[in-house]
Amino acid sequence: MQAILEIRALKVSADGKPILNGVDLKVRAGEVHVIMGPNGSGKSTLAFAILGHPGYDVTHGHLFFEGKKINHLKTHERANRGIFLGFQSPLTVDGVSLLSLMKAAKEKQIAPKHNFNIFDLRKDLSGNLEALGLDDEFIMRSVHQGSSGGEKKKIELTQMKTLKPKLAILDEIDAGLDIGALKTAGKFISKIRKDTAIILITHYQRVLKYVVPDKVHIMIDGRIVKSGSKNLAKDVEKRGYEQFKNV
Ligand SMILES: Nc1ncnc2c1ncn2[C@@H]1O[C@H](COP(=O)(O)OP(=O)(O)O)[C@@H](O)[C@H]1O
Ligand SMILES: [Mg+2]
């Protein structure tokens, strides 16, 4: 089956500093890939590079989405094609409600083109918020305005579910969630996996109890140094990253 995302020999710099030093990754439809690695190893940079963040320069290599090269596409064009990023540190969107943000995003989606009206969208948002234990008031509140860390992560997940992307990259979506919220979020994520390929960046294997990965990759110093099954995540949690250094 054709890969939904294929990354070949990707090198990325920010501010002239090389961060990713040759990353290869292939994600097929329906797969969940986990990326683990020490702080500063380049996990978020990889997420930003896939989305085409203007602050990150691809100095070498190629990105393909559904078999088409996307290196030249702007962030919004990649998003419109069906790539979603749930941020590690979501920023407040002043004066823009979740409803209007989602309406704008859905209107620009290229495929699948979901015919929707604002009432259905509201209902969809309401159902997704409820599944995560959040109140309807978040629909009209400015996105992330005054929200706690855990609420922000859940709002990111609500956006993901509402947009139905082809590929969702979730950057430390489990950070700052208590055990109950983690379980709710994990189950919520696992529900979308048949329609959406997922790249999950995490430090902990506890979320993997609910979202069982097809592959786990270890990133050190801007390179994927090892790939394996879900057991690799358990091994990392037990023995740390030292074992992968200098490999
Ligand atoms: N915009 C930037 N400008 C300069 N350095 C950056 C920038 N973004 C990230 N870095 C650096 O790149 C390295 C990797 O960062 P990051 O991708 O956030 O790592 P991780 O998500 O694995 O913790 C860090 O040393 C970080 O300071
Ligand atoms: Mg990060």
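Trainee: How many bridges join strand E9 to strand E10, and do the two run parallel or antiparallel?

Mentor: Keep in mind that this is a predicted model. Here, strand E9 (residues 167-171) and strand E10 (residues 197-201) run parallel, and five bridges join them. For one facing pair, look at Leu167, which sits opposite Ala197 in E10.

Trainee: Where do those two fit in the sheet, and what is the strand order?

Mentor: Read across the sheet from one strand to its neighbour. You get E6-E9-E10-E3-E11-E12, an open sheet of six strands with mixed pairing.

Trainee: Which strands stand at the edges?

Mentor: Those are E6 (83-86) and E12 (223-228). Each has a single partner strand, so one of its sides has no neighbour in the sheet. As you go from one strand to the next, the twist averages 20 degrees.

Trainee: Which helix lies across E6 and E9?

Mentor: That's H5, residues 149-163, and it runs at about 165 degrees to E6.

Trainee: Now the helices H3 and H4: at what angle do their axes cross?

Mentor: Roughly 120 degrees, for H3 (residues 98-108) and H4 (residues 118-131), with the axes coming within 11 Å. H3 and H4 are therefore oblique to each other. Their crossing is right-handed.

Trainee: Which residues make that contact?

Mentor: From H3, pick out Leu98, Leu99, Met102, Lys103 and Lys106; from H4, Ile118, Leu121, Arg122 and Leu125. Sort the residues of this H3 and H4 contact by type and you find six nonpolar, three charged and no polar.

Conventions: Residues are numbered from 1 along each chain as its sequence is written. Chains are lettered from A and ligands numbered from 1 in the order in which they are written. This is a predicted model: local features need pLDDT of at least 70, side-chain atom pairs count only at pLDDT 80 or more; totals for chains, interfaces and linings use all residues. Two strands pair if DSSP finds at least two bridges between them. Helices (H or I, at least four residues) and strands (E, at least two) are DSSP runs, numbered from the N terminus. Axes are lines fitted to C-alpha atoms, for helices over the stretch in contact, and angles run from 0 to 180 degrees between N-to-C directions. Two residues are in contact if their C-beta atoms, placed from the backbone, lie within 7 Å. Angles under 35 degrees count as roughly parallel, over 145 as roughly antiparallel, 65 to 115 as roughly perpendicular and the rest as oblique. A crossing is left-handed if the near helix is turned anticlockwise from the far one by less than a right angle, and right-handed if clockwise. Ala, Val, Leu, Ile, Met, Phe, Trp, Tyr, Cys and Pro count as nonpolar, Asp, Glu, Lys and Arg as charged, and the others, Gly among them, as polar.
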